[in-house]
Every structure is written in C-alpha cells, then in structure tokens.
Amino acid sequence: MARTKSILTEAKQIERAVTLIHLGARLQVLESETDLSYERLLRLYKEVSGKSPSKGQLPFSTDWFIGWLPNIHSSIFIDIHRYLLQNTPAKGIDAVLRAYKLYLEHCTANQSEPVLSLTRAWSLVRFFDAKML
C-alpha cells in the first residue's frame, strides 16, 4: 500500500511540474515546489518545453515593480491570490497556479499582454509571505 501512495504522490508531483513548465516557470521554482530530483526535473523540463531551462538566478528586483505597468499587473495578481487564499481551499503553489491562470484570463479578457511571468508572480508571493512572518 505504501508503494501505491508513493507512485501517486510522484505522479501528482510530475503533473504539477508539467503545469509549471507549461506556464513558463523557471527550474528553480520547480525545485522549490516539488520533491522531484534536479535530474528528473531537468529531463522533464527538456521533454515538455523542448529546450534547456534558463540559467542563472531568478529575476527578482523590487525596482521592477516600481514601473506603473508592472505595478498594476502585480497588484492584479496579488489581489487575485489573496482572494483565493481567503475564499477557497487553495493554498501554497496551488493558489499561485490558480491565481496566475485567472490573471492570464483577465489579460485576455481585457485584450492586454501579460506583463507578469509565473516565476515573477511566484517570487512576489514568496516576498509577501516573508514580509508577513
């Protein structure tokens, strides 16, 4: 029975990683949000995206959020995320994924290009979580 749980847990981890890759997450996000090995994530990333992952540190600079357009898009995303945390059972990376998908739908509905990448949205949530501690 323990073996079945392990396989199911791994399948859920792979499914989460594939979703993150499809939405443009960097490899560091996948490492942080799944229990899969680096080697496995690297192979999965290449298989799903058809290319090697970007190298280097995650793009996070508070200066990026000062510009009016990034600030507006960040505010839209973080408001969606907070709403989901308060009104749905979604937590953690699942709340980030749901909020990001809703953010993309908002952009489409308003005929605007998304400014916020999933990786930046994830970093934004982690930044606010750290500030709340």
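## Exercises on a six-helix model

Let's start at the surface: Trp68, Leu69 and Ile72 make a nonpolar patch of about 330 Å². A patch joins residues with over 30% relative accessible area and no salt bridge (a side-chain nitrogen of Lys or Arg within 4 Å of a carboxyl oxygen of Asp or Glu); nonpolar side chains (Val, Leu, Ile, Met, Phe, Trp, Tyr) are joined within 5 Å and like charges within 9 Å. Areas come from the Shrake-Rupley method with a 1.4 Å probe, and for residues only the protein chains shown count as cover.

This is a predicted model, in which local features need pLDDT of at least 70 and side-chain atom pairs count only at pLDDT 80 or more, while totals for chains, interfaces and linings use all residues. Residues are numbered from 1 along each chain as its sequence is written, and side-chain values use heavy atoms, leaving out hydrogens and water.

**Exercise 1.** Find the helix that holds Leu69 and classify the exposure of this residue.

*Solution.* Step one: Leu69 sits in helix α4 (residues 68–87). Helices (H or I, at least four residues) and strands (E, at least two) are DSSP runs, numbered from the N terminus. Step two: recall the classes, with buried under 20% relative accessible area, exposed over 50% and partly exposed in between (1.4 Å probe, protein chains only). Step three: Leu69 has a relative accessible area of 34%, so it is partly exposed.

**Exercise 2.** Work out which aromatic residues form one cluster, and how their rings pair.

*Solution.* Step one: rings of Phe, Tyr and Trp (its six-membered ring) pair if their centres lie within 6.5 Å; planes under 30 degrees apart are stacked, over 60 edge-to-face and the rest tilted. The count by this rule is two aromatic pairs. Step two: Phe77 and Tyr100 have ring centres 6.5 Å apart and planes at 65°, so this pair is edge-to-face. Because Phe77 lies in helix α4 and Tyr100 in helix α5, the pair ties together parts 23 residues apart in sequence. Step three: for Tyr100 and Tyr103 the centres are 5.7 Å apart and the planes at 40°, so the pair is tilted. Step four: Phe77, Tyr100 and Tyr103 form one aromatic cluster. Phe77 is buried at 0% relative accessible area, Tyr100 at 5% and Tyr103 at 0%.

**Exercise 3.** Locate Gln111 and describe its phi.

*Solution.* Step one: Gln111 is in the loop between α5 (92–109) and α6 (118–132). Step two: its phi is positive, about 50°, although Gln111 is not a glycine. Most residues other than glycine have a negative phi. Step three: Gln111 is exposed, at 76% relative accessibility.
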